[in-house]
Amino acid sequence: MAVEYTIPGMLIRDHMVDVPLDWSKPEGDTIRVFAREVCDPVRRRETLPLLAFLQGGPGGKSPRPSNGGPPWLAEALKTHRVILIDQRGTGRSSRIESATMERFADGRAAADYLTLFRADSIVADCEHLRKTVFGGGRWQTLGQSYGGFLTLTYLSKAPEGLSACYVTGGLAGLGATADDVYRRTYPRVAEKNAAYYRRYPGDAERIGRIADYIETNEVRLPDGDRLSVRRFQTIGIDFGMAPGYENIHWLVDEAFSGPNEDRLSDRFLASVMSLTCYDDNPLFAVLQESIYGQAGTPTAWAAERIRAEHPAFAGDRRPLLLTGEMMYPWMFEEIRSLRAFRAGVEVLATHERYAPLYAPARLAANEVPIAAVIYHDDMYVDAGLSLETARHVANVQAWVTNEFEHDGVRQSAAVLRRLMTLVREQGGPLAS
């Protein structure tokens, strides 16, 4: 039974359903998938089109609505009933965390379990929700970042469930391997570092000083983890978001404390721990490379291997370059919340039996209207790969812009508004 309640500006119904852990074995073990239905309270009795939000990630739970936001949600609620889905393994959907890994005897068993949390399973969950909870009619989707990857899988597996798709910074390279992705993104991350140091020229010396201090002292984070330079570098993942430069600047601005600024401040250490611990979303680190897994091609710690081709990211180079959306094998040793996943991710890195996530022929004949914003300077999803995908998927209208960073849809309602206009001007969503 759905739980219903009202918060300012939103009527909410919470839904929980059981689904197969392995959709190829529907009579086997089950997990639970959670979805939150949101609508304008004034329109609660109206039949409104459904918009299912496909969260970024991997390993991202749906946003928790409050104060009317994020901006895209307020925009969508003017015309739609919005479905916020916690993807399997996240939030309230049979969440995976360190304790989950304790049930597995070895890394192979853990890896086999984790492969059931990829895009094909998530799409099957969405289809089950659509058919059993939300009436079975076609719905629209909004896919942010990894949610765009999910959109392409959805269009490949079950286009009959979709009436229109909006994609924000998430047109995946259909044939791109993990190596292809990181060869494109490392140079982009280096460009973001250069832009950051141009904006805050004094931070080059300050960040170098922080790294020198970490290298020559045993620095412990509040949870007991030892802070290394390479872990400190991973805070650069924030450079691809709109306030990222400012977030990092104000973090390092108060890095030092004491009468002579001779130690790292408690605030700095607590903030670095929070930014790099993955307590809230371990699957983001665990599955990061496997989302690029192609049949017959193991990912083999691609980010670590490709980093060796870019010596400017070495921890002893100055100015120190911060890294981006890259996950490394050492993280599963150094970071407390990831250690329990180590055996499983080591096996995932050698995995060769990935099921295809995209059906190129079906996408080439696609009839579902798609509007996608491609962020020209996107640090995470390469614009070149996105444009190539747009050329190979039928019925895509691509809007290329450098006005926003990767989180543009979370910064301005204008992004979703324009995507919906693009679809409407071409005839609108398919009949549900």
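Buried means under 20% relative accessible area, and exposed means over 50%, with partly exposed in between. Keep those cut-offs at hand for the exercises below, which all work on a predicted model.

**Exercise 1. Two unusual backbone angles**

Task: Decide whether Ser-145 is buried or exposed, and say where Ser-145 lies.

Solution.
- Step 1: Start with the place. Ser-145 sits in the loop between β6 and α4.
- Step 2: Apply the cut-off. The relative accessibility of Ser-145 is 8%, so this residue counts as buried.
- Step 3: Look at the backbone. Most residues other than glycine have a negative phi. Ser-145 is not a glycine, yet its phi is positive, at about 55°.

Now try a second residue: what is the phi of Ala-300 near, and in which loop is the place of Ala-300?
- Step 4: Ala-300 also is a residue other than glycine with a positive phi, near 55°.
- Step 5: Its loop is the one between α10 and α11.
- Step 6: With 32% relative accessibility, Ala-300 counts as partly exposed.

**Exercise 2. Finding the cis peptide bonds**

Task: Which residue does a cis peptide bond join to Pro-319, and where is Pro-58 found?

Solution.
- Step 1: Recall the usual case: most peptide bonds are trans.
- Step 2: Go to Gly-57. The bond from Gly-57 to Pro-58 is cis, and its omega is near 5°. Pro-58 belongs to the loop between β4 and α1 (71-76).
- Step 3: Go on to Pro-319. Arg-318 is joined to Pro-319 by a cis peptide bond with omega of about 0°. Here the loop is between α11 and α12 (331-334).

**Exercise 3. Helix α3 and its surroundings**

Task: Work out why α3 can be called largely enclosed by the rest of the structure.

Solution.
- Step 1: Check the length. The 14 residues of α3 should span 20 Å at 1.5 Å a residue, and the end C-alpha atoms are 20 Å apart, which agrees.
- Step 2: Count the buried residues. Because 10 of the 14 residues are buried, α3 is largely enclosed by the rest of the structure.
- Step 3: Name some of them. Among the buried residues are Ser-121, Asp-125, Glu-127 and Arg-130, as well as Ile-122 and Leu-129.
- Step 4: Find the partners. The buried residues of α3 pack against the strands β2 (10-20), β3 (30-39), β4 (50-54), β5 (81-86) and β6 (139-144), and against helix α4 (146-157).
- Step 5: Link α3 to a pocket. With 5 residues, α3 (119-132) gives the most to the lining of the second largest pocket.

**Exercise 4. Two pockets**

Task: How is the lining of each pocket divided by class?

Solution.
- Step 1: Begin with the largest pocket, which holds about 910 Å³ of space. It has 34 lining residues, and those closest to its centre are Ile-237, Met-241, Asn-281, Phe-284 and Arg-410. Two elements, α9 (266-276) and α10 (282-286), give two or more residues to this lining.
- Step 2: Sort that lining: 12 nonpolar, 15 polar and 7 charged residues.
- Step 3: Turn to the second largest pocket, with about 360 Å³ of space. Its lining has 18 residues; Thr-115, Leu-116, Asp-120, Ser-121 and Ala-355 lie nearest the centre.
- Step 4: Sort this lining too: 7 nonpolar, 4 polar and 7 charged residues.

**Exercise 5. From α5 to α15**

Task: Which residues does Thr-185 touch, not counting residues up to four places away in sequence?

Solution.
- Step 1: Place Thr-185 in helix α5. This helix (178-199) has 22 residues and reaches 31 Å from first to last C-alpha, close to the expected 32 Å.
- Step 2: Test its burial. Thr-185 has a relative accessible area of 6%, so it is buried.
- Step 3: List the contacts: Thr-185 touches Met-326, Met-379 and Tyr-380.
- Step 4: Widen the view. The buried residues of α5 pack against α6 (202-216), α8 (244-253), α11 (302-307) and α15.
- Step 5: Step into α15 (383-392), where Ala-383 has its place. Ala-383 counts as buried, at 8% relative accessibility, and touches Ile-374, Tyr-375 and His-376, not counting residues up to four places away in sequence.

Technical notes
Residues are numbered from 1 along each chain as its sequence is written. This is a predicted model: local features need pLDDT of at least 70, side-chain atom pairs count only at pLDDT 80 or more; totals for chains, interfaces and linings use all residues. Side-chain values use heavy atoms; hydrogens and water are left out. Helices (H or I, at least four residues) and strands (E, at least two) are DSSP runs, numbered from the N terminus. Buried means under 20% relative accessible area, exposed over 50%, partly exposed in between (1.4 Å probe, protein chains only). Contact means heavy atoms within 4.5 Å. On a 1 Å grid over the protein atoms alone, a cavity is a set of points where a 1.4 Å probe fits but cannot get out, and a pocket is an open set with protein on both sides within 12 Å along at least five of seven lines; lining residues have an atom within 4 Å of a point. Grid points are joined across faces, edges and corners, and a volume is the space filled by probe spheres set on the points. Ala, Val, Leu, Ile, Met, Phe, Trp, Tyr, Cys and Pro count as nonpolar, Asp, Glu, Lys and Arg as charged, and the others, Gly among them, as polar. The expected span of a helix is 1.5 Å times one less than its number of residues.
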